[in-house]
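Student: Could you walk me through how to read a structure like this one? I'd like the general idea first, then the case at hand.

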Amino acid sequence: MKLITVRQQLNNENASNGDSDTPVDEDPDLFFINFLGRSAKFVIDNVTKKAVVQSFDDWKIDIDYEDASAGNFRINRIIITDESGNKYYFGKDSTGTNSAYDVVTSVSSGIITDTPKNEENGYKTAWHLKEVKTQKDTYVFNYASEQVVTYSKSDLNKGDNMGSISLSTTTTTQQILQTISFPNGTVEFIFNQSEREDLKGGKALNNIILKDKIGTQIKKVSLVQNYRLGNGDNNNIHPVVLSKDTKSDKRLFLNQINEVGRDESIISTYKLEYNPGELPNRHSNSIDYWGYFNGKPNKMNIFTDVVEANRDVYGNFAEAGILTKIIYPTGGSENFYYEDNQVLVPNYFSLFMLSNPSRIVYDEKSTAVAKTSNIFVLNNGSSTLGKYIKEFEIPSMYGSKLSFNAMLGAGCTSVETADCKTKVRLYRYNKDTRAILATYVITQGNNVDLINPPIESGSYRLEVSNPSFTLSDSENFETNPFSIVLRWKEQKPNIPINSFVGGGRRISRIEVNENGRITKRKFTYTLDDGTTSGKLLGIPDYMCVIKKYGNVPLVAGQLSNRIQPMSSFNNAGQVGYSQVTESFLSADDSVLWTKKYTFSNYSDGGEYYRFPYHLPDDTDWARGLNLKTISYDYSGKIVETLENKYNFWGEEFSPYRFFKTYDGTLATNAPSTELIPTPPTQAPSSYILSHAIKSVPMYKWGKYLSDPTDPNPAGSSDVYRTAFFYGGMIRNYQKIKTEYVNGSPILVTYVNTVQDSNSHHQVTSQKTTYPDQTIEETIYQYAHEKGNQLMIDKNMVSIPLETTTTQTTGSVNKVVDKTETIYPTALPHAVTGNLVLPLSVNSFDIVNNTPSIEITYNKYDSKGNIQQYTTKEGVPTTIIWGYNQTQPIAKIEGAKLSDISQSLIDSIVNPSNTDAAAGVNNDETSFLLALDNFRKNSALTNYQVTTYTYDPLVGVRSITQPSGIREVYVYDTANRLKEVRIREKDSTGNYVLKTVKEFKYNYKP
């Protein structure tokens, strides 16, 4: 077998990932994992075909392919084992028989005036979580299929398709979650039976219902939704697109979340309100640089509208449909207010961005001149003839051009001739000497630019002359009329020239109303010098293909506006902030206290913004780390600082790296404006999969034209770029807390954390130095340190097996606590069966370091429930599990499991299973009687017996102490605790229930 590189394949096949008939996928697929509050990214190594996870969470990811031996690497199943040994099955369950994929079943695309062509289909795009297996329980996720149709429009500007519009239609069979089954019941997801009004084939989620094992409703969440129509302005959308996607003018909004009780009554309600502005059709070109609505009437194909198209950000339009208010069940509310994402553009983006400046940098200015007597000035030596003069200042010119509209009268055209009697001159002059520095001729016309010589800041004089301009004529507006309007841009004061507005909106203020009590949180995003701390993380990735050699597209460059975006691979429009200040205010805006947060804010690495374009070297994993938090009181004095220090693999923190390029030279992927470490004497390997670094190189190939008119591709030069999918282990090695009194630092506490194992990424020690210089250090040992291969094989690597805490005061160091948890080292085990569960917990004498057993776990059942344990005093305790092995129903202190006959155990287990099958709030009399008989049984006379009953998924219903005193718990129809009662004997010796606690929940309708 011959192995070739992507570069060789590209050259051999004359292929690209654009329009080639034999396309090569130069960029690996990026997989996003999101489940149960956890997330990560990974790629599949093209050599090993194994997953390379960007983070360092001690996960194991195994991929099952359809037929790897035959070279079929389509993914069937992804299995993630987390650091505690829990397994998550995506795509298929643990048996490999039940599947849950999203599959693209058909794709067609083409110029809307042509017959669309079918493209590749039948490929999977998502693998859904199908099963979770823990040491004790299994959770099964069940889905149903729905087939949805989506449409995507692209504006074209190449070859014969100049100004055309392409429409892609994609049909996807996607999975919608129906139920989650777990040992105690199910969660059901109920969808509307009618098709969504905004998505062909889709269904909207209406209700989420929690049910117990017998199907009784325990809790229900109801979603109240409605559809909002667009603004109806479809002038810049091709009729064919509108006729195909007939649902593109509506959007679904969530208006209310109701918590519903067992009796279907509404218990509590959350209400959501949105900005009432109308959104455009989803295919509208009335969008800003980042794809948000901007309300501007751009044309159907933005390529044909380069001069007039407006892609600026307009916040009042971008906020259409945004969340503005949440009303809580208590009657309180939160109001949300937004503002522009004002940022600075890194200088390496300036080629693409600054030629189209943001409106936050400049103000639009203008001045106008028309025939009016107050600006008429007599000519020198004349008592009747004159001209009209207006002087004005441009204190801070932005750009170098001025545009005008001029109406000069009969005979006047865009070229000054003798037929036009009205002559107009614009002069830039020295205000002190009155010397003319530049002269401009203004002729009849609209939107005409003055650019030569370039317009500069300074003093200007506009003169309009005509042989017929007389003093008496200046009072007559109908003879010899004229009008001139000049327009230019002035840079705003104290706004950096590279300022820009990023995508979307940022929160500026949150106002909380707690039943009339108003408090506010105000957010500012500036550095201490007043400039924005925001940084633009990606440019609009609009690509203009100007020419093709065979199947190789030649890309002229990325254009910063005017063009419909084609993808969003480079964080286009995303903004990162390095400093955010949160002020807590009273109703009258008085400051109560303030917190200032400092975050890491690294740009993505690589030259992805230059041709040939590639995925950026993602540093999202290194952004957003809290570096420092400073708390201030109402007067602005510092109260406390919290500082975090980080590093990579022993180096001070920097997410960038050096590497060897394709031609052997040393390079770095750090953007030119970022601080980077000192270059190494020898570049490390581009391909690294180590304990602290993961780096998978990706090569991008392209061609530059030697001459734009040269039809010979042989005359072009090859261009290669190296990109990386990589990540580094982040160590938060030190935390520093400083407390202040009257603005002065008084107490300092240091917490040093070490993660120095080469086998895992868990914390191995933590040392705290208190203000009095007392030092407390805790050392953690895990399966690798203790040599438990069984736990290592099952990836149970995050469970501390031994912890030792020492304290140092002055020169005296002593062990103050040491514990060890013992687990099996082989299975099956006599105590735990086939499960890896604790066998005992040992403590150590702090003087002579001798171990003693604190607790011994003697027996587990098949579900992993503890059935017997023994304390260090040698007293055994037996736990009887009922409700189908899900709840403890009896605790017998002093008895071993073997001391209790199986028939006696069955006498309460079976009634508990019956009670579970009876549902919520059933009559427990017979079960309680069985528990009482169990407690009174002569075989248990010498033991302390506590018994329990439950409503599964609601809570405990009763606890009967060894003394016979019974606590009874009563719940309302929303399953909230309503009362606590005590069963005790009255004066006659009869049992009565006495209410000792009541709970009331007051929600506003």
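**Reading the fold, a helix and some charge pairs**

Tutor: Happy to. Keep in mind that this is a predicted model. Its secondary structure comes to 8 helices and 60 strands.

Student: How much of the protein counts as buried?

Tutor: Of its 1005 residues, 47% do. On the outside, the protein exposes about 49100 Å², with carbon and sulfur atoms supplying 50% of that.

Student: And what share of the contacts comes from residues 24 or more positions apart?

Tutor: Taking contacts with a separation of 6 or more, 57% come from such residues.

Student: Let's take one helix. What does H8 pack against?

Tutor: Start with its span: H8 runs over residues 925–936 and reaches 16 Å from first C-alpha to last, close to the 16 Å expected. Its buried residues are Phe927, Leu928, Ala930, Leu931, Asp932, Phe934 and Arg935. Those residues pack against helix H7 and several strands, including E55, E56 and E59.

Student: Asp932 and Arg935 are on that buried list. Why do they count as buried?

Tutor: The cut-off is under 20% relative accessible area. Asp932 counts as buried because its relative accessibility is 11%, and Arg935 does so at 16%.

Student: What should I look for with charged residues?

Tutor: Side chains of opposite charge can pair when their charged atoms come close. Here Asp932 forms a salt bridge with Arg935, the closest N and O atoms being 3.6 Å apart. Both lie in helix H8, 3 residues apart, about one turn of the helix.

Student: How many salt bridges does the structure hold?

Tutor: There are 44. One of them joins Arg505 and Glu319, with 3.1 Å between the closest N and O atoms. That pair links distant parts of the chain: Arg505 sits in strand E29, Glu319 in the loop between helix H3 and strand E18, and 186 residues separate the two. Arg505 is buried at 19% relative accessibility, and Glu319 is buried at 15%.

Student: Is Lys387 buried or partly exposed?

Tutor: Partly exposed, because its relative accessible area is 22%. Lys387 meets Glu463 in a salt bridge at 3.6 Å, N to O. Lys387 lies in strand E22 and Glu463 in strand E27, 76 residues apart. Glu463, at 14%, is buried. Both belong to a salt-bridge network that also takes in Glu391, Arg434 and Arg461.

Student: Which residues form a nonpolar patch on the surface?

Tutor: Val741, Ile746 and Leu747, with about 250 Å² of accessible area together. Val741 lies in strand E45 and counts as partly exposed at 47% relative accessibility.

Methods:
Residues numbered from 1 in each chain as written. Predicted model: local features only at pLDDT ≥ 70, side-chain atom pairs only at ≥ 80, totals over all residues. Heavy atoms only, no water. Helix = DSSP H or I, 4+ residues; strand = E, 2+ residues; numbered from the N terminus. Expected span 1.5 Å × (residues − 1). Buried < 20%, exposed > 50% of the residue type's maximum accessible area, 1.4 Å probe, protein only. Contact = heavy atoms within 4.5 Å. Areas by Shrake-Rupley, 256 points an atom, 1.4 Å probe, with all protein chains shown as cover. Patch = residues over 30% accessible without salt bridge, like charges linked within 9 Å, V, L, I, M, F, W, Y side chains within 5 Å. Salt bridge = Lys/Arg side-chain N within 4 Å of Asp/Glu carboxyl O.
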